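Please examine the sequence and the structure shown below before reading on. The paragraphs that follow lead from the whole chain to its details.

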Amino acid sequence: MNKISLNYKYSIIPLLGALVISNEFFSKASAQSISTPDTTDSVAVTVENQEFPQWGYYTIRRDFRKCAFPICGGYFIKQVNLKATPCLDGVFRSECYVSAIDWSSLKVSPYQLVKIQNDDGSRVILRGNIVPVTFPGFGEFGNLRVKEAFYTATNAPAKGTFVAIKDNGIRCITTPCFSTDKLVLNKPKISPVSSIDLSQAGATQKQLDAATSEIFGQGLIAVGKTEVVENVDPTKRDTKFVATQFYLRVEPN
């Protein structure tokens, strides 16, 4: 089957797609299995002699505390899907404080950059790593160096697990066809799905077209849950990923 049928009426994308996995959607996430208190202070546990990731996929929120920069006024960041995020000092916390975000590696247009920078963080996911910056008289703080940015398609709440979904090259002559790989962001967990439902995001046709292009390209970031659709024939169960929201990549110049 060479022609791919996309049923936009229900915004369910049955994807036909040899296992091709993008390195951009993998991170060494040894933090996923640890348990720490939900705290942003240094009381959280420190993991000794354990390799931990200092890059990954992050959500951000601005720091509106009133004190001297760089102690305040930066951002709180956290890796999606993880209860604890590794901070610059090696401590795992529910959030890490960074004094600033370094956008210099993000080669996007000035308009796109202003749009991202003006967002309160509720619609943005950033892929990057924490780097040390020394402030004389204050010491060392982390900055988040951004490699990629992703922006939500709509204002719909993002509920569920953050994943990357990508065509894997499998081609079928019947359904269900498990032609899409679903990778849980910041965790080494991958599984195939046979269809994708993007309808809950309330996206436009143009946004759905862009999402499909990303699935067949570098991969699409989405948030939601996996459902098993029963069939009369138990060998033909449809495993569908139902997205509450999806994020489109902010393309470089």
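The account below treats the overall composition, then the disulfides, and then the nonpolar cores.

The model under discussion is predicted. Its protein chain contains two helices and 15 strands. The chain has 253 residues, of which 48% count as buried. The area that the protein chain exposes is about 12,700 Å², and 54% of this area is supplied by carbon and sulfur atoms.

Attention may now turn to the cysteines. A disulfide is a covalent bond between the sulfur atoms of two cysteines. The structure holds three disulfides. When the bonded cysteines of the protein chain are numbered in sequence order, the pairing reads 1-2, 3-4, 5-6.

One of these disulfides links Cys-67 and Cys-72, whose sulfur atoms lie 1.5 Å apart. The torsion about the S-S bond of Cys-67 and Cys-72 is about 85°, and the disulfide is therefore right-handed. Are the two partners buried or exposed? Cys-67 has a relative accessible area of 40%, so it is classed as partly exposed, given that this class lies between 20% and 50%. Cys-72, in turn, counts as buried because its relative accessibility is 3%, which falls under the 20% limit.

Another disulfide joins Cys-87 to Cys-96, with a distance of 2.0 Å from S to S. Here the torsion about the S-S bond is about -95°, so the disulfide between Cys-87 and Cys-96 is left-handed. Both Cys-87 and Cys-96 are buried.

The disulfide between Cys-172 and Cys-177 likewise has an S to S distance of 2.0 Å. Its torsion of about 70° about the S-S bond means that this disulfide is right-handed. Cys-172 and Cys-177 are both buried.

The next topic is the nonpolar interior. The largest nonpolar core has 20 residues, and those with the most contacts inside it are Ile-77, Ile-101, Leu-126 and Leu-144. Which elements give two or more residues to this core? They are strand S2 (55–62), strand S3 (75–79), strand S6 (96–98), strand S8 (124–135) and strand S9 (139–152). Strand S9 provides the largest share of the core, namely four residues.

Ile-77 may serve as an example. Apart from its neighbours within four places in sequence, Ile-77 is in contact with Tyr-58, Thr-59, Ile-60, Glu-95, Cys-96, Val-98, Ile-130 and Leu-144. Among these contacts is Cys-96, the residue that a disulfide joins to Cys-87. A second, separate core has 17 residues, including Ala-153, Val-163, Leu-208 and Ala-243.

Notes
Residues numbered from 1 in each chain as written. Predicted model: local features only at pLDDT ≥ 70, side-chain atom pairs only at ≥ 80, totals over all residues. Heavy atoms only, no water. Buried < 20%, exposed > 50% of the residue type's maximum accessible area, 1.4 Å probe, protein only. Areas by Shrake-Rupley, 256 points an atom, 1.4 Å probe, with all protein chains shown as cover. Disulfide = S-S within 2.5 Å. Core = buried A, V, L, I, M, F, W, Y, C linked by side-chain atoms within 4.5 Å. Contact = heavy atoms within 4.5 Å.
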